[in-house]
Amino acid sequence: MKWFNTLSHHRWLEQETDRIFDFGKNAAVPTGFGWLGNNGQVRKDMGTHLWITARMLHVYAVAAAMGRPGALALVEHGINALNGPLRDKQHGGWYACVNDEGVIDASKQGYQHFFVLLGAASAVTTGHPAARPLLDEAIAVIEKYFWSEEEQMCLESWDEAFSKTEDYRGGNANMHAVEAFLIVYDVTHDRKWLDRALRITSVIIHDVARRGEYRVNEHFDANWNPLRDYNKDNPAHRFRAYGGTPGHWIEWGRLMLHLRAALEARFETPPEWLLEDAKGLFHATIRDAWAPDGAEGFVYSVDWDGTPIVRERVRWPIVEAMGTAYALYSVTGDPQYEAWYQRWWDYCIKYLMDYETGSWWQELDTNNMVTTKVWDGKQDIYHLLHCLVIPRLPLAPGLAPAVAAGLLDVKAK
């Protein structure tokens with residue numbers, strides 16, 4: 001049974017995409033985009049996070065490129081928030097979290113700044129006049145504070161004044177740097193962003209993860225030595241979980257195939273390991289994390305021998321898995337990837353998709369019942385684009401640039 005590249009499946013994805021776009025509109029607050037609760041309403045107690053606001057700017061840039069009325073106004077809302085309440089006009093960069101009264105967290109987090117870079121680059125594709133100046137500012141901040149020329153990798157974080165950085169180096173922040181760098185390349189056509197994305201990927205995946213049966217290490221010291229016991233006492237940390245986070249393994253796989261496609265689009269021969277390692281990451285994720293305790297779903301984290309640690313099923317890993325299944329099918333034509341894609345969609349419609357209060361549930365327990373151990377609420381809709389929109393696009397250019405170029409559904413025509 002064929003789903004990929006069929007108009008009927010694309011129409012179904014389009015309908016679900018619009019349902020998600022409508023849900024996300026509820027997140028707009030004066031300071032940016034808020035944290036949506038399970039009821040679809042903003043949780044004011046959580047403040048306005050930079051990463052959510054930047055990701056929602058990216059989301060509605062895609063919506064605007066898809067011709068959705070009202071989306072460009074939300075793009076403008078996101079740009080205004082990044083130029084206003086979330087921006088540190090004294091020291092530069094953007095605050096991690098604010099509320100109506102002021103700054104809650106003044107630290108400068110790399111993970112969050114890379115989403116500013118992504119959101120700004122995506123916004124450029126809408127033609128909004130304030131988007132390119134925002135992107136130029138984001139690039140300047142990344143160049144000055146987060147890209148290390150010495151290490152040829154990204155730093156993790158700084159204090160408010162950009163006077164002190166952590167000794168810690170994070171794989172998650174660097175992964176999202178790769179994601180953002182690919183879109184910045186599409187917008188600027190500056191080759192260095194591809195070079196940087198390839199360098200980061202080679203270190204974290206090809207040099208380290210490949211040697212560890214594709215269990216991706218995300219925690220490193222300042223010399224890029226893996227810290228295998230990092231956060232062992234706090235294994236369910238939202239952003240720095242102990243052990244391996246298989247959702248990131250499979251997400252890396254898709255990003256590597258986007259990078260491979262971007263190099264091919266330049267008529268270059270990409271390293272063979274980009275595809276080899278993407279396959280390795282995909283199958284390692286299934287090996288360790290898919291239904292290891294009998295019930296369907298991906299567990300959130302595993303130990304270095306593959307033993308599940310946090311067994312809750314969080315939404316974003318399966319979303320990323322579907323996007324990567326599509327990407328691997330696009331490159332290889334191997335029907336096993338389409339079979340997994342279909343199996344995972346069946347799981348999502350059975351357990352994750354919420355037609356009563358909107359969007360998808362963020363977290364399920366080991367019996368696939370709604371829970372909030374790791375994540376409380378339906379924070380944003382960013383990951384959902386990776387199973388709703390990416391399966392209707394070529395792998396290069398990236399998401400927003402491809403939609404803006406009129407490439408949506410082109411394979412099904």
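E251 is found in helix α8, residues 246-265, where helices are DSSP runs of H or I with at least four residues, numbered from the N terminus. At 1% relative accessibility, E251 counts as buried, because buried means under 20% relative accessible area (1.4 Å probe, protein chains only). Leaving aside neighbours within four places in sequence, E251 is in contact (heavy atoms within 4.5 Å) with M175, H176, W316, E320, T324, Y382 and H383.

A quick note on the model: it is predicted, so local features need pLDDT of at least 70 and side-chain atom pairs count only at pLDDT 80 or more, while totals for chains, interfaces and linings use all residues. Residues are numbered from 1 along each chain as its sequence is written, and side-chain values use heavy atoms, with hydrogens and water left out.

N172 lies in helix α6, residues 171-188. Not counting residues up to four places away in sequence, N172 touches Y111, E218, F239 and H248. Here are the two residues together:

| Residue | Helix | Relative accessibility |
|---|---|---|
| N172 | α6 (residues 171-188) | 7%, buried |
| E251 | α8 (residues 246-265) | 1%, buried |

An unreviewed UniProt entry lists both under "binding site", along with R55, Y111, H176, R238, Q362, Q379 and H383; such annotations may be inferred rather than shown by experiment. The lining of the largest cavity includes R55, Y111, N172, H176, R238, E251, Q362, Q379 and H383.

Elsewhere, helix α9 (residues 273-289) has 17 residues. Of these, 13 are buried, so α9 is largely enclosed by the rest of the structure. Just after α9, A291 takes a positive phi of about 50°.

Definitions and conventions: Helices (H or I, at least four residues) and strands (E, at least two) are DSSP runs, numbered from the N terminus. The expected span of a helix is 1.5 Å times one less than its number of residues. Buried means under 20% relative accessible area, exposed over 50%, partly exposed in between (1.4 Å probe, protein chains only). On a 1 Å grid over the protein atoms alone, a cavity is a set of points where a 1.4 Å probe fits but cannot get out, and a pocket is an open set with protein on both sides within 12 Å along at least five of seven lines; lining residues have an atom within 4 Å of a point.
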